[in-house]
Amino acid sequence: MQKLLLGLLALFLVAACSTPQATTDKMAEKPADATEMMKDDFRAMAPEAGPAPEIKIGDFQDFKLDNGLQVVLVENHKLPRVSYQLFVDVPPHLEGEYAGTGQMMGQMLRRATSTKTKEQIDEEIDFIGASLNAGGSGAFGATISKYKEKLIEMMAEVVLDARFPEEEFAKVKTEAEAGLQSSLGNPGAIASRLRQRLTYGADHPYGELTTEASLKNVELDAVKKYYETYFVPNRSYLVMVGDLTRAEAEKLAKKAFGSWAKKDVPAPTFAMPEAPKGVTVNFVPRAGAVQSNIILSKPADVKPGTKKALRASIVNRILGTGFNGRLNQNIREDKAYSYGAGSSVDADELVGSFTASSDVRNEVTDSAVTEFMTELMKISTAPVTAEELNRAKSQITGSFGRALESPQRIASFALNTIRYGLDRNYYPSYLQKVASSSSNDLLEVSSEIMSPENINIIVVGDKAVADKLAKFATSGKVNYYDVNGEMIDMEDMAAPTDVTPKQVIMDYTEAIGGAAAIAGMKSWSQVMEANVQGQTVVQTMYKEGGTKFSSQTQMMGMTMADQRYNDGKVSMMQQGQKMPANDEMAAGMKEQATLFPTVALLDKADMLSIDGTETVNGKKAIVLSVKSESGAGDAQMYFDQDSKLLIRRVQKQGPVTATIDYGDYREVSGVKIPYEMTITGAMPFPLKFVTKEMKLNTEIDQSLFEVE
């Protein structure tokens, strides 16, 4: 099953192989004239920033309904279009053992009302050519002016008359679990999760992590309670943009949302998270990782709309925004450690943060961290140059001007003004504030929030690079964590000394039924199904005698991929077209023809090594590294230390690294087979396959193995 990816990747990645050539062809039509290029040397220097222009955003209007709903109107009659955003300002709070409830509630919000199913809602929205999306923070919709009243009525119905059907909840929960699995298999997502935990703390809402255990705890009643508690008008904003007058806006808002009953909402308070005392180095080991995901982070007291927030955005543009940022110029352009490096400053009413990050090759992980620390020291101890400041101001002026072309962006400015209680002149005078900021102003901010002296260094990668990072830690040691941000003892996770790779495979063989039972198996027939964006994918696989293999992928009644192997002969059809065979394809299908490929590794003990142990879905697992003959298909296999069963395989396939999780082992003809298989990393979304039919030692139609 581990090479099921061969057909699926060919199916889902075919569109990515078609790259438009029109632009590049046109660029090649006329070569640049060297003489003209010499005349343009002035372009090598950024132009001097002129005086800050006067910004005429256009005043927005706002009013409040009796139930506390605050309405913001941005009139724009250039086009006959309107949009509505209902923003529900849910107060930060801890979900505890039910972490993930808010996310699931958002996914459930548009699934049904008391009179309409999801399909009926979709049909009504499509009929008027509108869009309407809902989530954990409210809803957004847009349409032409003709249907402005119909759309806001639909939005109000979806939000105020929401129903939560059991059958839809089951789908949402499955999607949430699959999404979490995808995150837990993604090094970048793992690094981001640990950043949350270390920056804010486990007892702060921003540091709380959704886990497999917490998702399992979430039931439909918890989702309903979340909705009833936090979706109230007196903590909500209705932003109306487009072809609307004040009179129309008031009438529509009152009719749609005037009956929404207000209520008090619990808004707990939390202590301000503090930066670490000194530098901490925090590592999540990933066996077989070919690169390190690096994040440096700390909390920062940066409130939206303040001088500190504005100056922080300017200095961050110099440090880590875009191609010319210092971090990118150093780590990518000068050192060639990475494809990119950057930083960000997050302003927030409760607590903001500073983050710098990059993904680098294993062998330069410690060198890259050195460069990060060097750049943070420079930006926080010395004023930026006049050239850097001038360029940053020019870039901000240009991007701010472009933003004003969008009524929706203007609406976001209006919402921020009302929500954060900003002066109504804040955005109109924004560029004047930027222009008046000096290098000393920026140094005052950077010395506070960008100093490397008190910061968390977070790395996700192969544990072989961890020891080199200890020198950065004030304590002189590395802290190790699992994917859920829980600290682990690496001595307990070391490679077991009393178990050989061959013993791991032998234990697995015994766990699934024993060598005798496996030897008695001559054929394999399996039908699996997965849901892909509402469509059912059916995967059938047949094997016989260890030398024949056949696999068909069907979707919407059509065979999208057909793979066959018959004693050295190979064929592959993709959407009716025959694909050219190659050695890698043949080798993969030959391996797949083996009835039990993992058991067959007993004959390749010299290709196996134990990399240590890791926690997988809460279970301690031995990590077995498997070398392929070509080196292109190396993999890591994870065996549960208690059950001895294979629970995960991380497989390289060309430029793609896919994680395959196995579960729900069931006995079939005396042998245990995993009935669930979830693939992440191979596509933009996780694929969960569930076995619908499984037969061993059954007669198979030989025409399925025919190779033309």
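## Exercises on a predicted model

Strand 14 and strand 15 (residues 535–544) form an antiparallel pair with ten bridges. Strands are DSSP runs of E with at least two residues, helices are runs of H or I with at least four, and both are numbered from the N terminus. Two strands count as paired if DSSP finds at least two bridges between them. The model is predicted: local features need pLDDT of at least 70, side-chain atom pairs count only at pLDDT 80 or more, and totals for chains, interfaces and linings use all residues. Residues are numbered from 1 along each chain as its sequence is written, and side-chain values use heavy atoms, with hydrogens and water left out.

### Exercise 1. Strand 14 and its partners

Task: determine how many residues of strand 14 are buried, and which residues stand opposite valine 527 and methionine 528.

Solution.
1. Buried means under 20% relative accessible area, exposed means over 50%, and partly exposed lies in between (1.4 Å probe, protein chains only). Strand 14 spans residues 523–532, and eight of its ten residues are buried.
2. Towards strand 15, valine 527 faces threonine 540. The hairpin of these strands has two residues between them, and glutamine 533 takes a positive phi near 50° there.
3. Strand 14 also pairs with strand 26 (residues 687–696), in the antiparallel sense over six bridges. In that pairing, methionine 528 is opposite threonine 691.

### Exercise 2. Positive phi outside glycine

Task: locate lysine 644 and asparagine 697, and state whether each is buried or partly exposed.

Solution.
1. Most residues other than glycine have a negative phi.
2. Lysine 644 has a phi near 70° and belongs to the loop between strand 22 (635–640) and strand 23 (646–653). Because its relative accessibility is 33%, lysine 644 is partly exposed.
3. Asparagine 697 has a positive phi of about 55° and is found in the segment after strand 26. Its relative accessibility is 42%, so asparagine 697 is also partly exposed.

### Exercise 3. Helix 16

Task: compare the span of helix 16 with the expected value, and identify what its buried residues pack against.

Solution.
1. The expected span is 1.5 Å times one less than the number of residues. Helix 16 (residues 407–419) has 13 residues and reaches 18 Å from its first C-alpha to its last, close to the expected 18 Å.
2. Its buried residues are Ile410, Ala411, Phe413, Ala414, Leu415, Thr417 and Ile418.
3. These pack against strand 1 (61–64), strand 2 (70–75), strand 3 (81–88), strand 6 (236–242) and helix 15 (386–403), where contact means heavy atoms within 4.5 Å.
4. Just after the helix, glycine 421 takes a positive phi of about 65°.

### Exercise 4. The open sheet and the cores

Task: give the strand order of the open sheet of six strands, name its edge strands, and describe the largest nonpolar core.

Solution.
1. The order is 1-2-6-3-5-4, with mixed pairing. Strand 1 and strand 4 (131–135) are the edges, each pairing on one side only.
2. Strand 4 pairs with strand 5 (residues 138–144) in the antiparallel sense over five bridges; asparagine 133 stands opposite phenylalanine 140.
3. A nonpolar core is a set of buried Ala, Val, Leu, Ile, Met, Phe, Trp, Tyr and Cys residues joined through side-chain atoms within 4.5 Å. The largest has 63 residues, and Tyr84, Leu238, Met240 and Phe257 have the most contacts inside it. Helix 6 (residues 148–160) supplies the largest share, seven residues.
4. Apart from this core lies another, of 58 residues, including Val384, Ile396, Val478 and Met490.
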